[in-house]
Amino acid sequence: MPADFEAMWRDLAPVGRSASSGGYFRQPFTTAERELDVWFTEQCKARGLEVERDRFGNTVAWWRPAGAAGPAVLTGSHLDSVLDGGAYDGPLGVVTALAAVDVLRDRGVTPARPVGVGVFVEEEGSRFGLACLGSRLATGATDWAIARTLTDRAGVAVEDALAEVARGDADLLRDVGCFVELHVEQGRDLVDRDVAVGAASAIWPHGRYRFDFTGEANHAGTTRMEDRRDPMLTYAMTVLAANEQARLAGQRATFGRVDVRPNGTNAVPSAVTAWLDARAETPEHLDALLADVERVAQERAGLDRTGLVVTPESVSGAVHFDADLTRRIAEPHGWPVIPTMAGHDAGVLSAAGIPTAMLFVRNPTGVSHSPDEHAETADCLAGVEALADTLAGLAT
Ligand code: GLV
Ligand code: MN
Ligand code: MN
């Protein structure tokens, strides 16, 4: 008998969890994430679902009762996390999907269409830098020729990491007629509305941009302040500029990752590489925000006699989820339909032309990408019921 939601959630709780922070380190193709992959496969087999894999490490488990035919209904999410992330971002959509299959079976529902539970790899881009890597490859939004050479911080290439994991050669999306991803909310909209479940209208366009600042390494004591070419100074001013420009424009800008060389206390650094995460309401606002930050940074680099090169590493366009599908799902239950500033595999599938919708489960503090991310069990169970209702509506 397959486990229920709470039992499955308990199974996952220790996997990849840091004893010091309580957060999760489930980077793609590492021991922790592979343990989740094995767990997922076992859960699917216990339910008699047919597990298919593609060559990029993505997996879909099919519930295909005799007679089920026509375009499939796909649900699911991802099992990887950001560095020191929360438990819910990703796994909630996978575990609720398995639990929703159980609920439908308990209700005696037999889908007329195949129902798939999918897991896409490297959604967070925390290892190889490209967000939604697995779904981008599955949809063809990113070419393998480009993705295979991306490297992690230790220099391991995607193709070498993938060579170590179980793969197949399925085209997982070939029969997919629609996709519904359930996700923990990453804001407080549902809290403010006092509802446990909502649906998504759209995703803000967003991107990650590498800022390479270069200067001159020199002695921290003997180099006069006015003689320095200090890339750390240009970087620091750029962080302030990004924050100011985003505030002025009503958008979002974050420097959350920085790499300093040689990273010594008593030397002016030779180089600083930092990554800007920028998000905006429209593509035009995003372009303008990036241009403003880069302009101020280049002006500062001129004053500091440092160099700056900006390289886009992962850019995701605006997504508007399928309005008919979303209405059909949300209206009968009165679920609010709200936008999000976070990226999702659902955005990639939507951009690829697959009618797509998302469900959100309330997050009491709105905190996400942090060990403090949370959802109450009762709300997760409401999510299971919501997803089961949704799948029943779409697949029968
Ligand atoms: C994905 O979680 C993102 O960075 O928006
Ligand atoms: Mn996610
Ligand atoms: Mn995330």
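A pocket is here an open set of grid points, on a 1 Å grid over the protein atoms alone, with protein on both sides within 12 Å along at least five of seven lines. In the predicted model described here, the second largest pocket has a volume of about 190 Å³. Its lining comprises 15 residues, of which Trp 9, Arg 17, Tyr 24, Ala 87 and Tyr 88 are the closest to the pocket centre. By class, the lining of this second largest pocket consists of 8 nonpolar, 4 polar and 3 charged residues.

The overall fold was examined next. The chain contains 12 helices and 15 strands. For 396 residues, a compact globule would be expected to have a radius of gyration near 21 Å, and the value of 22 Å found for the chain agrees with this expectation. The C-alpha trace extends over about 80 × 45 × 40 Å along its principal axes.

Enclosed space was considered separately from open pockets. Rolling a probe the size of a water molecule over the atoms reveals where empty space remains. The count comes to 1 cavity of 30 Å³ or more, and the largest cavity holds about 50 Å³ of space. Its lining is formed by Glu 33, Arg 34, Asp 37, Gly 57, Thr 59, Leu 79, Val 119 and Val 121. Helix H2, spanning residues 31-46, makes the greatest contribution to this lining, with 3 residues. In terms of residue class, the lining of the largest cavity divides into 3 nonpolar, 2 polar and 3 charged residues.

The surroundings of ligand 1 are made up of Glu 124, Arg 279, Ala 342, Gly 343 and His 369. This shell comprises 1 nonpolar, 2 polar and 2 charged residues. Polar contacts to the ligand involve both side chains and backbone. An N or O atom in the side chain of Glu 124 is 3.0 Å from an oxygen atom of ligand 1, and a polar side-chain atom of His 369 likewise lies 3.0 Å from an oxygen atom of the ligand. At Gly 343, a polar backbone atom is 2.6 Å from an oxygen atom of ligand 1. Taken alone, ligand 1 exposes 190 Å², and 94% of that area is buried by the protein.

Two features of backbone geometry were also identified. Most residues other than glycine have a negative phi, and most peptide bonds are trans. Asp 84, although not a glycine, has a positive phi of about 60 degrees. Asp 84 is located in the loop between strand S3 (72-77) and helix H3 (91-106). The peptide bond joining Arg 261 and Pro 262 is cis, with omega at about 0 degrees. Pro 262 belongs to the loop that lies between strand S9 (252-261) and strand S10 (267-268).

Technical notes
Residues are numbered from 1 along each chain as its sequence is written. Chains are lettered from A and ligands numbered from 1 in the order in which they are written. This is a predicted model: local features need pLDDT of at least 70, side-chain atom pairs count only at pLDDT 80 or more; totals for chains, interfaces and linings use all residues. Side-chain values use heavy atoms; hydrogens and water are left out. A residue is near a molecule or strand if one of its heavy atoms lies within 4 Å of it. A polar contact is a pair of N or O atoms within 3.5 Å; within protein, one must be able to donate a hydrogen and the other to accept it, and residues adjacent in sequence count only if both atoms are side-chain atoms. Accessible areas come from the Shrake-Rupley method with a 1.4 Å probe; for residues, only the protein chains shown count as cover. Ala, Val, Leu, Ile, Met, Phe, Trp, Tyr, Cys and Pro count as nonpolar, Asp, Glu, Lys and Arg as charged, and the others, Gly among them, as polar. On a 1 Å grid over the protein atoms alone, a cavity is a set of points where a 1.4 Å probe fits but cannot get out, and a pocket is an open set with protein on both sides within 12 Å along at least five of seven lines; lining residues have an atom within 4 Å of a point. Grid points are joined across faces, edges and corners, and a volume is the space filled by probe spheres set on the points. Helices (H or I, at least four residues) and strands (E, at least two) are DSSP runs, numbered from the N terminus. The radius of gyration is taken over C-alpha atoms; the globule rule is 2.2 Å times the number of residues to the power 0.38.
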